[in-house]
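Student: I am new to this structure and should be grateful for a close look at a single part of it. Could the account be given as one connected explanation?

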Amino acid sequence: MFGLPGVAVAAGGLWLWGRLTGRWGDPVPAGGSGLTDAMAATWPWVVRAAALASALYLVWRSRRT
């Protein structure tokens, strides 16, 4: 039930971790509201990815007999 949305949340967390450690993307500014701003910018994409993954899964399951 929460499998695909959970994967999307984990991917969002991985993206934020990568930005915090400087591995990819724009680095998160240190101090203040840097992480808060990064999370605010990331969560809409996580929600969209979760919705898209769930919709694709439901379409796949409905076409499978």
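Tutor: The model is a predicted one, and the part chosen here is a patch on its surface. Leu 4, Tyr 57, Leu 58 and Trp 60 together form this nonpolar patch, with about 420 Å² of accessible area between them. Helix H2 provides the largest share of the patch, namely 3 residues.

One member may be taken individually. Trp 60 is found in helix H2. Its relative accessibility is 46%, and Trp 60 therefore counts as partly exposed, since that class lies between the limits of 20% and 50%.

Leu 4, another member of the patch, also takes part in a contact with Ser 54. Setting aside neighbours within four places in sequence, Ser 54 is in contact with Leu 4 and Pro 5. Ser 54 is itself a residue of helix H2, and its relative accessible area of 23% makes it partly exposed. The C-alpha atoms of Ser 54 and Phe 2 are separated by 9.3 Å, although these residues stand 52 places apart along the chain.

From here the view may pass to helix H1, which comprises residues 3–20. What length should be expected for its 18 residues? At 1.5 Å a residue they should span 26 Å, and the C-alpha atoms at the two ends are indeed 26 Å apart, so the expectation and the model agree.

Which residues of H1 are buried? They are Ala 8, Gly 12, Leu 16, Gly 18 and Arg 19. Around the helix axis these residues cover an arc of only 160°, and they therefore lie on the same side of H1. A general property of helices is relevant to such an arrangement. An α-helix has 3.6 residues a turn, so residues three or four places apart point the same way. The cover over the buried residues of H1 includes helix H2, residues 34–63.

Two glycines of H1 belong to another class. Gly 6, placed in helix H1, has a relative accessible area of 35% and is partly exposed. Its C-alpha atom is separated by 19 Å from that of Arg 61, and the two residues are 55 residues apart along the chain. Gly 13 likewise has its place in helix H1; with a relative accessible area of 38%, Gly 13 is partly exposed. Between the C-alpha atoms of Gly 13 and Ala 30, which are 17 residues apart along the chain, the separation is 18 Å. Beyond the helix, H1 is followed by Gly 22, whose phi is positive, near 75°.

A return to helix H2 completes the account. Trp 45 lies in this helix. Is Trp 45 buried or exposed? Its relative accessibility is 60%, so Trp 45 counts as exposed, the limit for that class being over 50%. Trp 45 and Trp 24 are 21 residues apart in sequence, and their C-alpha atoms are 17 Å apart in space.

Definitions and conventions
Residues are numbered from 1 along each chain as its sequence is written. This is a predicted model: local features need pLDDT of at least 70, side-chain atom pairs count only at pLDDT 80 or more; totals for chains, interfaces and linings use all residues. Side-chain values use heavy atoms; hydrogens and water are left out. Helices (H or I, at least four residues) and strands (E, at least two) are DSSP runs, numbered from the N terminus. The expected span of a helix is 1.5 Å times one less than its number of residues. Buried means under 20% relative accessible area, exposed over 50%, partly exposed in between (1.4 Å probe, protein chains only). The arc is that of the directions from the helix axis to the C-beta atoms. Contact means heavy atoms within 4.5 Å. Patches are made of residues with over 30% relative accessible area and no salt bridge: like charges are joined within 9 Å, nonpolar side chains (Val, Leu, Ile, Met, Phe, Trp, Tyr) within 5 Å. Accessible areas come from the Shrake-Rupley method with a 1.4 Å probe; for residues, only the protein chains shown count as cover. A salt bridge is a side-chain nitrogen of Lys or Arg within 4 Å of a carboxyl oxygen of Asp or Glu.
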